[in-house]
Amino acid sequence: MAVVKYISVQAMVLLKQIIPTRSTLAHLRFVFSVFLLPVYLFAFSQVDTVKSGTAWLVFFIWHLLAFPASNGYNSYFDKDEDSIALLAKPPEVDISSYYFSIFLEALAFLLGFLVSWQFAFAVLIYGIMSKLYSHPATRLKKYPFISFLTVFIFQGCFIYYTTYAALSGMDLFSHWDIGFIIPGAISSCLIGASYPLTQVYQHDEDSRRGDKTLSIVLGYKGSFIFSGVLFACGIALSYWYWHLAGMLLNFYFFLICAAPIFIFFNYWFYKVGKSTGNANFKNAMRMNFISSGCMLIYFGVLAVFS
């Protein structure tokens, strides 16, 4: 009886820890998943025939389970006191951030099998990489170029390729032609271009924590130049892709949608050149919302009319 009682008590304690608190829900940053939605929409737009049930399930798994779980897990180990993405004053994390993020990842993995075993393991791999990125034992985040490549690959081309394969029902290992590879590269360039700019206002806190981020290595000016070069690569690849497809109107539409991003990027770069105090949370969030909003319009239109 004593053993049964002990097990029951421990089960209740664990259940209580899994139930998300208000702090945990804040750190999941569901809205931040919107910033990654253009990659999903790009993949969706390039698939010839999509089953609506599969499309909604893949969207749900990535954007309402896997991505928020990664945010919560990252926040638990970062324990940020200063502003982070979408949270000007992040609440103190608690143990439910850890357990609930694990629960969401497990649920995402299991639901992935309803799509395909390949997609389920793609979700698992994404979850593993997010843990390697954040956990103190590995903490890829503190290595500037490894952390960049982790985000560049696993939030860019990895999401594109695995989403495309899941939506189309194809074998992920059997379709590696140039028309498949280039969109993934475009996705990575667009994600990678924003990466240093999400860190440019966190130099002090990242340094205190021992994280030598890419933005710290590049400096304020270098972060903007690096982002600009990667975005230019994304534009060049977009031209190449749509030229090969004989659909250059899609490329010109991309340039129109990218114009507000280009304007604010240069304005912000100018302001930071005048004073590094302008490399702040407010401007970083403006950059995020403008770039994400413009890309959502672009890829959303492609998804609807392709």
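This text leads through a predicted model, from one helix and its salt bridge to the nonpolar core, the cysteines and several individual residues.

Helix α5 is a convenient starting point. This helix covers residues 95–112, and its 18 residues should span 26 Å at 1.5 Å a residue; the C-alpha atoms at its ends are 26 Å apart, so expectation and model agree. Its buried residues are Ser96, Ser97, Phe100, Ser101, Leu104, Glu105, Ala108 and Gly112. When α5 is viewed down its axis, these buried residues fall within an arc of 160°, and they therefore line one face of the helix.

One member of that buried set, glutamate 105, deserves separate attention. Its relative accessible area is 13%, which places glutamate 105 under the 20% limit for a buried residue. In general, side chains of opposite charge can pair when their charged atoms come close. Here the side chain of glutamate 105 meets that of lysine 131 in a salt bridge, with an N to O distance of 1.9 Å. The pair links distant parts of the chain, since glutamate 105 belongs to helix α5 and lysine 131 to helix α6 (residues 117–134), 26 residues apart. A search of the whole structure finds one salt bridge.

The nonpolar interior comes next. As a general tendency, nonpolar side chains are buried together in soluble globular proteins. In this model the largest nonpolar core holds 81 residues, and those touching the most other members are Val58, Trp62, Phe119, Tyr160, Trp268, Met295 and Phe299. Helix α7, which runs over residues 144–168, gives the most to this core, with twelve residues. Tryptophan 62 illustrates the packing: with residues up to four places away in sequence set aside, tryptophan 62 touches Phe67, Pro68, Phe119, Ala122, Val123, Tyr126, Phe158, Ile159, Thr162 and Thr163.

The cysteines can be considered together. A disulfide is a covalent bond between the sulfur atoms of two cysteines. A search of the whole structure finds zero disulfides. Cysteine 233 is in no disulfide, and its nearest cysteine sulfur, that of cysteine 189, is 5.3 Å away. Cysteine 233 lies in helix α10 and is partly exposed, with a relative accessible area of 34%. From serine 134, cysteine 233 is separated by 99 residues in sequence and by 28 Å in space, C-alpha to C-alpha. For cysteine 294, the closest cysteine sulfur is in cysteine 257 at 6.7 Å, which is too far for a bond, because a disulfide requires the two sulfur atoms to be within 2.5 Å. Cysteine 294 is buried, with a relative accessible area of 11%.

Helix α10, which comprises residues 214–244, also contains serine 215. Serine 215 counts as buried, at 0% relative accessibility. Apart from neighbours within four places in sequence, serine 215 is in contact with Pro196, Gln199, Val200, His203 and Ser223. By contrast, aspartate 204, in helix α9 (residues 203–209), counts as exposed at 58% relative accessibility. The C-alpha atoms of aspartate 204 and isoleucine 216 are 9.2 Å apart, with the two positions twelve residues apart along the chain counted as their separation.

Phenylalanine 269 is placed in helix α11, residues 248–274. This residue is partly exposed, at a relative accessible area of 24%. Phenylalanine 269 touches Lys221, Phe224 and Ile225, residues up to four places away in sequence not being counted. Tyrosine 220 is 49 residues from phenylalanine 269 in sequence, while their C-alpha atoms are 8.8 Å apart.

Two arginines complete the description, each with an entry on backbone geometry. Arginine 29 has a phi near 50°, a positive value in a residue other than glycine. Its place is in the loop between α2 (22–28) and α3 (37–46), and arginine 29 is buried, with a relative accessible area of 10%. Arginine 139 likewise is not a glycine and has a positive phi, of about 45°. Arginine 139 lies in the loop between α6 and α7 and is buried, at a relative accessible area of 7%.

Notes
Residues numbered from 1 in each chain as written. Predicted model: local features only at pLDDT ≥ 70, side-chain atom pairs only at ≥ 80, totals over all residues. Heavy atoms only, no water. Helix = DSSP H or I, 4+ residues; strand = E, 2+ residues; numbered from the N terminus. Expected span 1.5 Å × (residues − 1). Buried < 20%, exposed > 50% of the residue type's maximum accessible area, 1.4 Å probe, protein only. Arc of directions from axis to C-beta. Core = buried A, V, L, I, M, F, W, Y, C linked by side-chain atoms within 4.5 Å. Contact = heavy atoms within 4.5 Å. Salt bridge = Lys/Arg side-chain N within 4 Å of Asp/Glu carboxyl O.
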